[in-house]
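Good morning, and thank you for the time. I would like to walk through one structure with you, so please look at the view on the screen as I speak.

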Amino acid sequence: MNQPPTRPSATEATDALRAAGADFHHRGWSLGTSSNYSAVLGRDPLDLLVTVSGKHKGRLSADDFVHVGADGKPAAGDNKKSSAETMLHVVLAEAAGAGAVLHTHSVWGTLLSDRYGDAGGWAIEGYEMLKGLDGITTHQSAKYIEVFPNTQDIPTLAQQVRGRLEDDADPLRHGFLIRKHGLYAWGEDIDAARRHIEVLEFLFECEGRRLAWGGESVRL
Ligand SMILES: CSC[C@@H](O)[C@@H](O)C(=O)COP(=O)(O)O
Ligand SMILES: [Zn+2]
């Protein structure tokens, strides 16, 4: 029987999210103040540790995190401003059951989100690396990457995402793109969310470079 995931302490989550930020910045996926990260510390009621808005994600300090509840508001007595995209984290923690949510702004993800934005997404097929996504066991799989229009109205976008997470027939899994903006990915804990970011960003770079070569396949 599957054990429920162990929840990290605030210190453990802070350390792990700071390490993710430093690594993602180094890889060019979280430059400047772009990106935001969160981890679930408790449920019933939700206790979500999320990055403070506007911080450089490659140089997060232990102080650059704030606890929010299911309404996305900081816990009583905490006057730090949480990420502008906090409600996306709340919805993913609730409706996807995510233990952690990570958001990146890579070049390849941003370009592909625009390339496939009108179609609403595209399928990534045939790569061994797909097996790094939870539940995928063969390279002979197709992972559909959904692209949402960008907006500054995050509560409305969060409701759209909730609708797709609660779609019993075909719920969103692993991650999605926002057009000309970036990737949201999640997992049962920080390690799983980080793995999903790494795998999806790898696949985006493969897809982007393949398109840049000008064809479906290239033989030299
Ligand atoms: C270059 S800032 C981009 C922001 O508008 C936003 O998309 C982002 O990812 C970070 O916002 P933040 O409020 O710091 O969590
Ligand atoms: Zn963003």
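Let me begin with one pair of residues: Ala-100 in E4 has Gly-187 in E8 as its bridge partner. Before going further, I should state that this is a predicted model.

The pair belongs to a longer contact, since E4 and strand E8, residues 182–187, are joined by five bridges and run antiparallel. Strand E4 itself covers residues 100–104, and five of its five residues are buried. Which residues point which way from E4? Ala-100, Leu-102 and Thr-104 point one way, while Val-101 and His-103 point the other way, and all are buried.

On another pairing of E4, we find strand E1, residues 36–42, which is joined to E4 by four bridges and runs antiparallel to E4. Within that pairing, Ser-38 stands opposite Val-101.

From E1 we may pass to E2. Four bridges join these two strands, again antiparallel, and Val-40 has Leu-48 of E2 as its bridge partner. E1 and E2 form a hairpin with four residues between them, and in the turn Asp-44 has a positive phi of about 55°. Strand E2, residues 47–51, is mostly covered, with four of its five residues buried.

E2 is in turn joined to strand E3, residues 65–68, by four bridges, and the two run antiparallel. Here Val-50 stands opposite Val-66, and Thr-51 has Phe-65 as its bridge partner.

We can now place these strands in the whole sheet. What is the order of the strands in the open sheet? The order is E3-E2-E1-E4-E8-E7-E6-E5, eight strands with mixed pairing. The edge strands are E3 and strand E5, residues 121–125, each of which pairs on one side only. From one strand to the next, the twist averages 20°.

I turn next to the helices, starting with H3, residues 107–115. Its buried residues are Trp-108, Gly-109, Thr-110, Leu-112 and Ser-113. Against what do the buried residues of H3 pack? They pack against E4, strand E6 (142–148), strand E7 (175–178), E8 and helix H5 (190–213).

A second helix contact involves H2, residues 86–95, and H4, residues 154–165, which pack at an angle of about 20° with their axes 9 Å apart. An angle under 35 degrees counts as roughly parallel, and H2 is therefore roughly parallel to H4. The crossing of H2 and H4 is right-handed. From H2, the residues in the contact are Met-87, Leu-88, Val-91 and Ala-95; from H4, they are Ile-154, Pro-155, Leu-157, Ala-158, Val-161, Arg-162 and Leu-165. By character, the residues of this contact divide into ten nonpolar, no polar and one charged.

Finally, I would draw attention to Glu-188, which lies in the loop between E8 and H5. Why does Glu-188 count as partly exposed? The reason is its 17 C-beta neighbours inside 10 Å, because a residue needs 20 or more to be buried and 12 or fewer to be exposed. Leaving aside neighbours within four places in sequence, Glu-188 is in contact with Pro-5 and Gly-99. Leu-177 is eleven residues from Glu-188 along the chain, and the C-alpha atoms of the two are separated by 19 Å.

That concludes the tour, and I am glad to take questions.

Note on methods
Residues numbered from 1 in each chain as written. Chains lettered and ligands numbered in written order. Predicted model: local features only at pLDDT ≥ 70, side-chain atom pairs only at ≥ 80, totals over all residues. Axes fitted to C-alpha atoms, helices over the stretch in contact; angles between N-to-C directions. Parallel < 35°, antiparallel > 145°, perpendicular 65-115°, else oblique. Left-handed = near helix turned anticlockwise from the far one by under 90°. Contact = placed C-beta atoms within 7 Å. Nonpolar A, V, L, I, M, F, W, Y, C, P; charged D, E, K, R; others polar. Pairing = 2+ DSSP bridges.
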